[in-house]
Amino acid sequence: ITNSGIITSAGGEVVLAAGRSVELVDPGTPNLRVEISAPDTQARNLGQIVADAGRVGIYAGLIHHSGAIQADSAVVGAGGEIVLKATRSATLEAGSLTTANGAQGGSITIQSGDTTLVSGAVQARGEQGQGGTVQVLGNLVGLTGSASIDASGQTGGGTVLVGGDYQGGNPEIQNAYRTYFGPEASIRADAITAGDGGRVIVWADDATRAYGRISARGGSESGNGGFVEVSGKGWLDFAASVDTRAPNGTTGTLLLDPSDVTISNAVDALAGGTFSGGIFSGATSNTTNISWATIDTQLSGSSVVITTSGSGGSGNITVADGHTYASANSLSLLAHNNIASNGAIVNTGSGAIALYAGWDGSSTATPAVTSGTGDISITRSLQTGGNITLVAGSDITIQPPNNIPLNIVAGGTFTAN
C-alpha cells in the first residue's frame, strides 16, 4: 500500500493494512476463490492521512512514513489515536509529522517486531488539559537525527515510553533489547502552566545509549517536576541532558539503573559494540561508568537516583574518585549489593546524600534494603549541607586508610542504620 495523496475521515477511522495475500470469496459460490499475492508486505505513507478526533491505524510487515498523519481534536475531550504496527520494521523518516494533539493529548503507538526508527516529529500535546501518551517500541529502538517527541500539556505532562516501561517491568509493554537516543533528538513531557511534569522512560533489556535532551518540567504557575528514567538493564552509556525543574514546586527525579556502576572523573566511555543507522550491535560491558561531570549536569535540573539491578552483574556501586559539587537537589545511590566509596563526596549545597546497600528494588522514593545483604564501605569524606543517610542490609564500615582523617559532615541530619 502506498499513499501519496490525501485521505480524510473527520471523526472517523482510517486503516491501511498490507498483507502477503488477500483472498476474495463469494459466499454464494464458496468453491470459487480469487487470491492476490504480494512478495512483501509494506505500507508507505508519502502524503497525508487526516482523521480529526478519530483514529488512524497502519498495519504491515514494513512501515515507512515520510508524510503527515494527523488525528488532532479541536473539541474538549480525549484526543485522537494513532497506531503504527509492523511485524518487521517501522521507520518514521526525517520531516515526517505524526500528531494526536487536542484539548487533551491523544495516544500514539509506534511498534515493530524488529527495528523501530523515528527521525521525525511525534506529538500528543494537550492544548488545554494534560498531555497524551506516546509509545515507541520494538526489539531495536532508535530516536535518530532531529527526532522529537512531545507529550506536553497545559495542566500536566503526559507519558513517553521509549523501549519499555518503568525498569522494564510492565508485561503489557514490549521491551527493547537495545535502545539508542541520539544527541540531536528530544523528548518533552512538560506541564506548561499548571500541574506536574510528566513521565518519560527510555529503556532496554540489554544496553541503552542516551545522548539527547529530555524535559519533564512542572508548570510555570504550579506543580512539581516529573519523573525520568534512562536505563539499560545490562549497560548504560549516558550523556543526555534531563530537566525536571519546577518554577513553583519541587524538582523531579532522574533515575539511572544499569547493572553495575562506577562513578569516576573519567569521561563516560563507550563499552564496545558497533553502531549503524540508529541501532547498535556487538558486545557491551556489564559495568557502566558515569562521570562526575555528567552527574553535575543532571543535578542542576533534577534530583538524581543511581541504582543497580544486579542483573547481568553483581549489582555494585563504586565511587572511584572524589568530587565536590554544589546542588540543592539530592543524590541517592541504591545498590542491589555493595557500595564502596573510595573518594570524597562533598556537596557544598543543601541537597541530601543517601547510600543504600542491599536495596531490594522496590522503590526509589522510599528505598528499603534486604536484611543480611549489601555492605557500605567509606574511606573518604562524606559531606553535605543537607541530610546524610546510610542504610545497609549488612555492614557499614567507615575506615580511613593510612590514618587519613575521614569527615562526615551533615548540615541536616546524619542517620546510619
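Tutor: A salt bridge is a side-chain nitrogen of Lys or Arg within 4 Å of a carboxyl oxygen of Asp or Glu. Our model is predicted: local features need pLDDT of at least 70, side-chain atom pairs count only at pLDDT 80 or more, and totals for chains, interfaces and linings use all residues. Residues are numbered from 1 along each chain as its sequence is written, and side-chain values use heavy atoms, leaving out hydrogens and water.

Student: Is D243 buried or partly exposed?

Tutor: D243 forms a salt bridge with R217, their closest N and O atoms being 3.1 Å apart. R217 sits in the loop between β23 and β24 (227-232), and D243 in strand β26, 26 residues apart; strands are DSSP runs (E, at least two residues), numbered from the N terminus. Buried means under 20% relative accessible area, exposed over 50%, partly exposed in between (1.4 Å probe, protein chains only). R217, at 24%, counts as partly exposed, whereas D243, at 16%, is buried.

Student: Which residues do salt bridges that share partners join into one network?

Tutor: One pair to start from is E127 and R125, whose side chains meet at 3.5 Å, N to O. E127 is partly exposed at 40%, and R125 is partly exposed at 26%. Through shared partners, the network joins R125, E127, D150, R188 and D190.

Student: How many residues apart are E81 and R55?

Tutor: Their side chains meet in a salt bridge of 3.1 Å, N to O. E81 belongs to strand β10 (residues 81-92) and R55 to strand β8 (residues 55-65), so this pair links distant parts of the chain. The separation between them is 26 residues.

Student: Which strands stand at the edges of the open sheet?

Tutor: Two strands pair if DSSP finds at least two bridges between them. The sheet has 9 strands with parallel pairing, in the order β2-β7-β9-β11-β14-β17-β20-β23-β26. Two of them have a single partner strand each, so one side of each lacks a neighbour in the sheet: β2 (6-8) and β26 (241-243).

Student: Which residue in β20 stands opposite S148?

Tutor: Strand β17 (residues 148-150) runs parallel to β20 (residues 186-188), and 3 bridges join them. Opposite S148 in β20 stands S186.

Student: What kind of aromatic pair do Y180 and Y211 form?

Tutor: Rings of Phe, Tyr and Trp (its six-membered ring) pair if their centres lie within 6.5 Å, with planes under 30 degrees apart counted as stacked, over 60 as edge-to-face and the rest as tilted. Here the centres are 6.0 Å apart and the planes stand at 65°, so the pair is edge-to-face.

Technical notes: Helices (H or I, at least four residues) and strands (E, at least two) are DSSP runs, numbered from the N terminus.
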